[in-house]
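Here is a short report to read with the model open in your viewer. Feel free to rotate along as you go.

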Amino acid sequence: MALHPASEFNRPSLVQEWLSRYQKGYFVTLLKQHWREYVPIVFQSFDSHDDPAKEERLANKFLFKPLEYFLCNGDPESVFQQLKERDLPSQLCGHVFKNGEPTYSCRECATDPTCVLCMECFQTSVHKKHRYRMSTSGGGGYCDCGDSEAWKTGVFCGKHEPKTMEVEDDKNPMEMLPDDLTDRASALFMATLRYTVEMLTWEHSDHLPDSLQPEGELSNNYVCMLFNDEVHTYEQVINALQKSVNCSHKEAVDFATTVDREGRASVTSGNFKDCEKARNHIEKNTSRHGHKALKVQVMHITVVAHQQFALRMIQWLQTIIARSDGLRRLFCLLSMQQQENEQSLMEVLLLADTQLWKTARVQSHQLMMAGVLMDQECKKKFSIIFTKHYTNLMKAFCMDDHDHDVSIASLSVQIFTVISLARTLVAEHNLLSVIIQTFLQACEEKKNTKDGKLMFERNTSPTFKRACFSLHDLKYALICKPGPTEWTDQLRTSFLEGFSCFLELLKLIEGMDTVKRQIGQHLEFEPEWEGAFNLQLKLEDNIVLFLEWCGSDRQVLIESYNKAVEVFGSCKDIDRSKKFCYSVTNANVDCIRFDVGSEPISIHLPVTRILAGLHTYLGQHGLCFESPDCSLVRPDPVELIELPLRVQVMVAQSNANMWRRNGYALINQIFFYHNVKCRKEMYDRDIVMLQVGASMCPGNDFILHLLYKFGLINWVREEYDVPSGQEDSLRQTILLAEEFLNLLVVILSERYMQGVGEVTRADIVKREVIHQLCISPLAHSELAKALPEDTNHETGLEDVVKDVANFKKASMAKGPQGGKGKYELKPEFYSSYNPYFYHYTKGDKSKSEEAQVKRKKESNESQALPPPVPPKFTPQFAPIVNLLQSDVMIYLMELILGRAAATRSRSLSETQLERVLYLIGLALHEQRRAITDGVDSFDFLSKACGQTKDSTKVRKDGKCIQTLLDSIVNSHIVTHDSIRDLVTWTIKTLTEVRHMKNEPVSCEAIGSVTSPRDKQVEMARKKQAMAAEKRRQKIMAKMSQMQKNFIQENAELFDNTSTELFPRNGSDMDLSEVDNSTFPIALGMKRTSVGQTSSQLGTCILCQEEQEINFTNKPMVLTAFIQKSTVLSLSRGTAILHGEEHDPLWMRSDLNTGSHTSSCGHMMHADCWQGYFDAIVNRERRRPLRFRHNYSYDIEKNEFLCPLCECISNSVIPVLPAVFPTQNIAGDGSSYLHFRDWLDGIHKTVVNSVKEPDDVGKGEDSSIIYQPCPLTTITKLMAESVASKFQSLWSYVQDPSGSGGLSIEMKDMLKKFSLDAFSFGLDLRPNDDDVRVVIMVWNTCAFTIQSIEQILRDENKPLFGQMSSRQSDCLKSVVKVAASYSQVINPDLVKQHCIRLLSFLFPDCIKNKKTDLSILDVDMFHYVVAMVMALPSLHIDTSGINQNYSQLPSGGMNDQHTLHLLIGVHLLQILLLFDEENCGMEVDGDYEGEALLILYNKVHSLANIQNETPPLPWQLSVHVRKAMMPFLRCTALLFHYLTGVPGPSELSESRADTRDDFDLLCKYLGLNSHMSRLLDNQGELMDNLITRWCKNTSVKDKMSASYQPHVQYPIRINKLIPLPEDYSELINKVSTFTCPKSEGEDSRAPTMCLVCGQMLCSQSYCCQTEFDGVTVGAATEHAFKCGAGSGIFLRVRECQILLLAGRTKGCFVPPPYVDAYGETDQGLRRGNPLHLCEESYAHLQKLWMSHAIPETIAHNLESNSTLLTIDWQHL
Ligand SMILES: [Zn+2]
Ligand SMILES: [Zn+2]
Ligand SMILES: [Zn+2]
Ligand SMILES: [Zn+2]
Ligand SMILES: [Zn+2]
Ligand SMILES: [Zn+2]
Ligand SMILES: [Zn+2]
């Protein structure tokens, strides 16, 4: 193969050669020669991931730059610049959306919901102030800013507003191009596009087109190319690859990711044989389980290289045509120019779409978007081509397996939604027919061979599902509905042709999925029903749009109506020959013989229903059958109502329980038939059709048809009430009669449908809203969900809701869920309530009735729920009211009233009576309207009053409606007050109407009916009611007794839920013994004496036994949860500490990683707990391994749930009796040891206890021996007076419990807790022998106190008194356990720790100190806790004699001096780190500023730190008091729980002014509040120590300018990161976020850590990592690094909070973002603008701070089992 070496490449001469010869037709040949040589060089490494930058560089140099130079014949940049300047400024934004980018649509101004703006345009548009909807783009599509067809108003944003009004629309941009450039561009575009199309569609894998085939033999270099499909899962592909091409898991994941993203990837390379082998392996490994094998191809590398180049060429072409409108137009025209084979290159590309791999498709679509779709002229041409090929494109798409959004078919939305284009396509290119025909072809395979109707199987085939995308396209095409003046003859013709096709489609559905009532046996198989309903849902919008088109033009309406009647006639199977002649009173009619109870019925009647829909439009055009100028085919009303009536009867029978044996399939169908999603084009249309029938037939006939179909022929006979033999069907008949009357009410009163009643769209929505709110007040989303949506997914709710309801905001205090505001109906609209509202379900009806009756009762109104006055029917439907005055109707009314008035009736129900009363009410409303309007033809009144001349119509007993009503006022049949009141209302209204008609009714008569109830009857009724009430009370009493018994039996359980063990005043002691006049002091000589505590009782929640907590009784424990925590970390981002080699003795001052203990406060016997826990473990062990982890707790991690409250726990804290030292140290002060003497003694002890290795220099810290030195050795070194006092500090008090001390069981529990604190706190396996166990107990005590102190501080709560009982129970126990633990372990170990701890403060004791920890590195509170716990053991006699001496810290002198020393160190920390910026306002009263300033200067000079401007004295003074607070507060809590001395009352209450808290705390802790005195004049030793501490070099390092100190005092409280107010800012932010591991790729689930703000690529293969040998997702990994295992994240696209804990568990909680109605929108489904809710974010903040993440997760997992199936660790 003779390649030009790259060095021979000479661009100018190459370009020159092209320029000189291109016009002679050699150009293509020359280009191909060049490509033949250079394409393999540039793209030789088929795997572009090796070095994409290099490939890019080479491609530019050898391939693209020459083309650009040729095109421009000069410097491309300057030529393009000139061209751009000639372009007209574009007014279209055209911004192409990336996946996940936010889009905005205006609900008021957008033509349809597909019209969207980009964020930038939206921000400067008028729509920002309108009602808008926000969503995230799925990628593709562009911003419609500037497109006048997309917006009704506000077409332009601020940025794209046209500067001048004169826009030359039709100017051809090509005229701006110089001629020679046009020539060269033509040649170049044709050549490159032709090449691109040829290569992308090239099907041979081992050779190239002749012109590109390299000379000579091909090298034996192949790759094995793996292609994407949507059948195999990631796991399957990864598995197959690992087995087949011998790669690592990581490599396999990378291949799979690439295949998924790009559509293909070369998985191995080599000679043909090897690649062929790999191919066979992969195919074999993926064809199992009945799958089609993955597509694999062995391709020669030069073929791959040319395809790579072709792909790049598409991108290059996009950038070139973007340079100039003229070039774009030229390119587009050329691409659509017919070639030799009569197809244009564009068409070739279109049709080849499904043959291309994913990237090739996406790239070619982008080229079309940037080319033909950006140029108005070419867009039209392209859309015609697209329409021409639509059927083929859809067919190819159906057979394909790629998603719709990577198919060329998805371009339809870009074309059909452009109104002008779509209308042209519909009119001139039969777009509607084309789309529907395409879909009809797909329907062929679904046709039932029996009757030609559609029939679906249980799992709809993917092909058919894909074909359904046509129905979306149909909807897009129908959006361009013409206005009345926009119709042309051509449009009419082609639209009607489309409508005919649509009717053909509906005809395939009409009558499908018939059901037959099952008698005897239950149905064996549930028939398939979902397919038909899915199709119905997809057709819904199309039906509405077709109707709107038909209704907008008179001529079209007439023709479409006639077509619909014709199709209706051709598809129904109504056999008119089967007749049934039937008569009631003197009316008779021929009914169509059909028994709903035994013959097949279908609920699918789209043809009938579309006819009903068309019917409602007739009136608008002044059309009716009779008018001579219209040629409507008059359908037979009896046939029209037949099918809808059958459906109504079936539903009625089902309600009467006659279809129970048909199972769920029928119930589901009936449910969806009425459901808000389907009812508009199903149930509602059926009612309209019945109304059409009622308006066309004589009233008697209509009612008789209904009676016959309902099977009520016998019931309607008067004799029916006389008992006879057939009793079993009586119940059913009563129910059917109720249903029948209900249907009559619906037909007569449902007029809120345009064309049926005189109503507007707003009236209709209002009525829906009113009826929803009559059930109960509702949140905005709940209300919106209950309303039907129009074709733009709008309910119209916002336009009307303010008129009928008030919005009540709710407080956010209860967290995010409590924040929903609710709509409440305005009182004046209650009168519009109709209990027979046809969109109510049974449940809605009874709930609303109950609510309304209750409301009326409460306001002492009549409880009747009479019919509201309905709106007028439109003239066309007006005859319906005649039903009310028909003889049969009057007969029915009299029949039922008569039965009600009778002493006994077997076929009457109260419900029947109620419904008849309702009908009479409706009739009276109509009568009143007729009188007002002066209409004489309606005369219900005289019939109701029996004033008829015709004797045949008079009842036998001579009674009429009016007299019958009077006689049932007191009927015993009426048991409900509301019905009784309805009778009264009816009588009253009847009287009023008679009065209107000037009938002889006195005004008193009207008044008299308002107090209707006969006194005697009233009394009887009351008596009855009282008896009933008595019965009820008896039952209630019985129930309550049962309940009481239950409570008694479980009394202890109920009592103990409020842990009353510890008195709530925050103290253990008996309050009576506290002298309130004295201020409590917890430390030192003046320590307040605490009396013997009253005995404490505890109850075991497991055995319910109550007992005293002491040393002799069975030990008790609290549940506990111990977790590693970074919540308090002040250096986020640094690595968290890991167990193995970590020395926990010195907590770092940045509190990087701590160990937190919490408890739900529930108490058990230690042995009861052990039994409970063992039982859980045994149960788990028996469970098969694969089911083990599916629980809210992980037994492998010792986890269990509190048996009472199900709080997650992993340990127990022993409950120790409250034992406080009684030693009187207050005495006369003779034993007082001065601080300096104490310090000296301690110093001596330490110096004498540290043994360094002899050979200086080689010494390592670890080899230093800490050998505690005996007390006697130390005292010998002291003055005698001092020595005895020092010695007495270690003369411990006798253990008050006498001999026993801690029982063995108690010791075991102490050990267990300590071991847990160690292993959970350090993430290590438990190890009894580890010396660090005791330290971890101290640490978890210190950390828990610090954490609770911060929570209290954050909430502005007082230190004592307002802690939750959980918090105080937990702290109390943990403090005591920490103090006692040293008693159960080897005292020598504690001594060693103590000396080691002290050696840090006495640097002189170790000469070769290697550790360079300075005082700035250590957290002093942890130090205090460890010191206080360890010091009592320092000089304990271990000889065994004093075993029973308590080593508990007592708040004595040791503790006081320890605190003195350590607070002094803390003061130095504060002074060293003082930062002026932290200072507040100057305050009055300089406490001790001068003294502090001297100290400040001293320590800074000792540390050798230069400070140019020393602070002012008052600044220091204020700062020290502020900075010291957290430490003092923690220390006060510690000693409070150690000594039992109650906190000062001032610190137990919330106070506005907390300035003297500092002094109070100092006093409580026995400290001088003048801090400087802690360090001043404390002796030579102290001065020495200060000098050594400050001179530590690391102090200076930390203070240097380059070092950013993490820690500032006062220790700040960590917060979750601040979030933006507007949620779209977050969406926008993540739209630019790309996966950090696969460069530049979008991340599917961008997830933000709320602790540190880092953005992660979650739930995605690309960012999975191995952690502890397990594959975990990015969020899980981050939770470990950032939160020591717990994490709180915001999933931005889903808008939900993700909580993670313990690697395998997690849950979702609502986000802190709410819409204007206070509702969250998890999953961003509604798209309302969302704003940050501070309260609910504070709620999350608190959840995090209180370490409640694991607990929240466990509770969620317990209550929602579906969460257990989520693979949390891969998030
Ligand atoms: Zn835009
Ligand atoms: Zn714009
Ligand atoms: Zn708007
Ligand atoms: Zn117990
Ligand atoms: Zn509990
Ligand atoms: Zn990623
Ligand atoms: Zn983080």
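## A three-stranded sheet

In this predicted model, 3 strands make up an open sheet, ordered β4-β3-β5, with antiparallel pairing. The edges are taken by β4 (264–270) and β5 (296–300); each has a single partner strand, so one side of each lacks a neighbour in the sheet. From one strand to the next, the twist averages 30°.

Let's look at one of these pairings. Strand β3 (residues 222–227) runs antiparallel to β5, and 5 bridges join the two. If you would like a residue pair to click on, try Val223, whose bridge partner in β5 is Met299. Helix α10 (residues 301–321) packs on this sheet and touches β3, β4 and β5. The direction of helix α10 makes about 95° with that of β5.

## The zinc site of ligand 4

Which residues coordinate the zinc ion (ligand 4)? They are Cys1100 (SG), Cys1103 (SG), His1165 (ND1) and Cys1168 (SG), at 2.0 to 2.4 Å. The arrangement is tetrahedral because the 4 donor atoms around the zinc ion (ligand 4) subtend angles of 94 to 116°, and all of these fall between the limits of 85 and 135 degrees.

Along the chain, the donors of this zinc ion (ligand 4) follow the spacing C-x2-C-x61-H-x2-C. Cys1100 sits in the loop between β10 (1097–1099) and β11 (1106–1108), while Cys1168 belongs to helix α42 (residues 1166–1182), so the pair ties together parts 68 residues apart in sequence. Both Cys1100 and Cys1168 are buried.

## The zinc site of ligand 3

For the zinc ion (ligand 3), the protein donors are Cys106 (SG), Cys109 (SG), His127 (ND1) and His130 (ND1), which lie 2.0 to 2.2 Å from the ion. This site is tetrahedral too, with angles of 100 to 117° among its 4 donor atoms. The donor spacing for the zinc ion (ligand 3) reads C-x2-C-x17-H-x2-H along the chain.

Are the two cysteines, Cys106 and Cys109, buried or exposed? Cys106 counts as buried because its relative accessibility is 3%, and Cys109 counts as buried at 4%.

## The chain as a whole

Zooming out, the chain has 60 helices and 28 strands. Of its 1771 residues, 57% count as buried. The chain exposes about 75800 Å², and carbon and sulfur atoms supply 50% of that area.

Contacts complete the picture. Among those between residues at least 6 apart in sequence, 77% join residues at least 24 apart.

Conventions. Residues numbered from 1 in each chain as written. Chains lettered and ligands numbered in written order. Predicted model: local features only at pLDDT ≥ 70, side-chain atom pairs only at ≥ 80, totals over all residues. Heavy atoms only, no water. Donors = N, O, S within 2.8 Å, 3.2 Å for Na, K, Ca; no water. Tetrahedral: all angles 85-135°; square planar, octahedral: opposite > 155°, others 65-115°. Helix = DSSP H or I, 4+ residues; strand = E, 2+ residues; numbered from the N terminus. Buried < 20%, exposed > 50% of the residue type's maximum accessible area, 1.4 Å probe, protein only. Contact = heavy atoms within 4.5 Å. Areas by Shrake-Rupley, 256 points an atom, 1.4 Å probe, with all protein chains shown as cover. Pairing = 2+ DSSP bridges. Axes fitted to C-alpha atoms, helices over the stretch in contact; angles between N-to-C directions.
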